[in-house]
Amino acid sequence: MTIPNLVGAGLIVIGAGIGLGKIGGSAMEGIARQPEATGKIQTAMIIIAALLEGLAFGALFLGK
Amino acid sequence: METLLNDFSIGLFVMQTVIFLVLIFIMVKFAWKPIMNSLNDREEGIQNALDAAENAKLEMQNLQADNEKLLKAARAEREAMLKDARDMKNKMIEDAKGEAQAEASKLIAQAQESIESEKKAAIADLKSQVANLSLEIAEKVVKEELSNKGKQEKLVESLLGEATLN
Amino acid sequence: MKVTQHSFKFLVLVAALFFGTLAYGQHHEEKHQNDGGEVNTNEEVNEYILHHIKDSHDFTLFSYTNDAGERKHVGFPLPVILWTSEGLVTFMSSEFHHNDDGHAIVERKGLKFAKIHGKIYELEQGATRVKFDEDHHATNAHKVLDFSITKSVFGILLVGILMIVAFTSLARQYRKKAIPTGLGRVLEPLVLYVRDEIARPNIGDKYYRRFTGYLLTVFFFIWVLNLLGLTPIGFNVTGQIAVTAALAIFTLIIYTFSGNKGYWGHMLWMPGVPVLIRPVLAIIELAGAFLIKPFSLLVRLFANISAGHIVVMSLIAIMVVMKNELTAGGATALSFVLAMFITLIEVLVAFLQAYIFTMLSALFIGMAVADHDHH
């Protein structure tokens with residue numbers, strides 16, 4: 001792995017981390033507001049997190 | 001990306017595809033279909049049982065409502081009967097009272113009548129006695145007067161005193 | 001009582017399988033070679049880990065160097081099936097003698113085969129040994145179509161058989177009674193979970209029955225393989241990109257062929273947007289449906305599982321690489337604690353990845369079969 005590759009990977013991880021953090025944070029907030037909707041919020045959260053994860057992995061592997 | 005493509009083994013891909021197809025086929029035919037059918041049957045069974053229980057409950061409720069209605073009717077009937085009886089009793093008492101009153105007043109009237117007639121008879125008797133007495137007195141007075149003046153007066157006096165007593 | 005009997009039977013079965021392989025396992029003896037012998041330096045650790053996450057042609061449980069300096073492998077060989085220029089060729093992988101850099105040559109039907117970095121090459125006519133250029137690429141050999149029963153294929157078959165045995169026995173149980181016992185009691189809630197939490201809400205009450213079989217198969221297949229990957233047997237099946245690609249393509253085919261008129265209408269000629277934008281949207285939608293969705297499915301599973309294996313093995317390798325800094329005991333303790341923690345997380349990830357793959361498959365299928373009544 002070259003230096004630019006590593007930097008790119010780091011950038012991807014930073015971006016994905018921010019995104020996942022926002023998703024998780026908002027889901028927590030939503031659950032705190034409406035505990036009875038926990039199941040639905042969790043499902044939606046996992047789906048969006050999975051999509052984001054797929055994007056991040058795709059980018060990581062393009063650079064590998 | 002290159003490493004990724006380099007790692008891709010066509011043989012493994014083909015094997016996975018074939019084995020997985022066979023697996024899906026076998027699982028669907030021999031596992032998932034019977035399992036799903038039994039699960040659905042079971043769920044339906046449970047649903048039916050629940051429905052039946054609900055129906056039974058409803059029927060029970062209906063029955064209870066019927067019972068309630070019957071009981072109410074019976075109670076109303078009893079109430080009516082009791083009321084009739086009370087009325088009848090009152091009426092009977094009323095009647096009896098009226099009759100007794102009438103009888104009593106009739107008796108009283110008779111008594112008064114008899115008293116009146118007795119009284120009249122007594123008065124008539126008294127009158128005749130008074131007349132007789134006065135006649136007697138007059139006769140005696142006349143007889144006395146004829147014999148003794150002083151004595152006559154005294155006699156009259158005493159007789160009069162006697163007469164006032166009556 | 002009955003449960004303990006069953007678990008006892010199960011244990012005996014596992015033990016028999018395990019020690020059976022040991023008993024039948026062949027002990028190969030050869031000189032120290034570049035096949036992951038003793039691992040001491042960082043580079044050797046990296047090499048070893050990368051070797052592990054790749055597929056392999058034989059099933060090695062462990063290897064060691066004996067007192068005489070000979071490398072011994074404990075495991076068993078698997079059949080190699082090749083489609084070559086001369087047609088079908090089969091032999092056992094033991095004929096390569098665990099050599100992975102092209103020095104062991106196997107001859108069949110007048111063709112010579114060598115194994116280089118886990119791939120089997122066919123040598124060109126007349127060549128007797130593999131020649132390499134500076135980048136260590138073979139110059140006088142080419143890859144052949146390799147349908148071998150590799151370690152991964154073996155794992156796939158094993159899981160397939162396990163699933164068939166477990167779930168047909170569950171299906172048989174229902175014939176006698178409504179509530180299963182033993183293993184079935186564990187499997188039934190999982191089946192219900194996939195049906196009620198994944199298939200039904202995402203596909204819709206009307207159509208979910210048709211796809212439940214596929215979703216259940218995919219879920220248990222991925223989950224059991226993920227869990228097998230955490231055992232010391234050392235499978236990394238769901239970390240093979242070919243396997244995840246095949247699974248993703250199954251989902252792609254299913255949602256493409258079950259797409260209804262509304263789905264294709266929305267994809268090719270999006271209603272409700274200006275006509276000029278529609279072709280652009282169609283290109284984006286097509287790329288989404290045929291490239292991005294399956295690619296995200298396959299890459300996610302592959303990357304998560306591979307990453308998990310790499311992390312666990314790296315943490316185990318702390319034991320070796322930090323021996324000098326932390327003393328043998330300290331390095332072992334640190335590596336044990338970290339590896340155990342990450343392995344617990346990996347158990348969760350194993351379930352989560354199976355769940356997400358199934359969930360997204362159900363979601364994509366649901367999008368394809370949804371009724372677009374509101375237009």
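Biologist: What makes β6(C) and strand β7 of chain C a pair?

Modeller: In this predicted model, five bridges join β6(C) to β7, residues 111-116 of chain C, and the two run antiparallel. Two strands pair if DSSP finds at least two bridges between them, so β6(C) and β7(C) are called a pair. Within it, C:Glu107 stands opposite C:Lys112 of β7(C).

Biologist: Which strands make up the open sheet, and in what order?

Modeller: The sheet has four strands in the order β6-β7-β8-β9 of chain C, with antiparallel pairing. From one strand to the next, the twist averages 35°.

Biologist: Why are β6 and β9 of chain C said to stand at the edges?

Modeller: Each of them, β6 (101-108) and β9 (141-143), has a single partner strand, so one side of each is left without a neighbour in the sheet.

Biologist: How do you know that the span of helix α2 of chain A agrees with its number of residues?

Modeller: Helix α2(A), residues 38-63, has 26 residues and should span 38 Å at 1.5 Å a residue. Its end C-alpha atoms are 37 Å apart, which agrees.

Biologist: Why are some residues of α2(A) called buried, and which are they?

Modeller: Buried means under 20% relative accessible area. In α2(A), the residues that meet this cut-off include A:Ile41, A:Ile46, A:Ala50, A:Phe57 and A:Phe61.

Biologist: What percentage of chain C is buried by that cut-off?

Modeller: Of the 375 residues in chain C, 48% are buried. The chain has nine helices and 10 strands. Its accessible surface comes to about 19,100 Å², of which 66% belongs to carbon and sulfur atoms.

Methods. Residues numbered from 1 in each chain as written. Chains lettered and ligands numbered in written order. Predicted model: local features only at pLDDT ≥ 70, side-chain atom pairs only at ≥ 80, totals over all residues. Heavy atoms only, no water. Axes fitted to C-alpha atoms, helices over the stretch in contact; angles between N-to-C directions. Expected span 1.5 Å × (residues − 1). Buried < 20%, exposed > 50% of the residue type's maximum accessible area, 1.4 Å probe, protein only. Areas by Shrake-Rupley, 256 points an atom, 1.4 Å probe, with all protein chains shown as cover.
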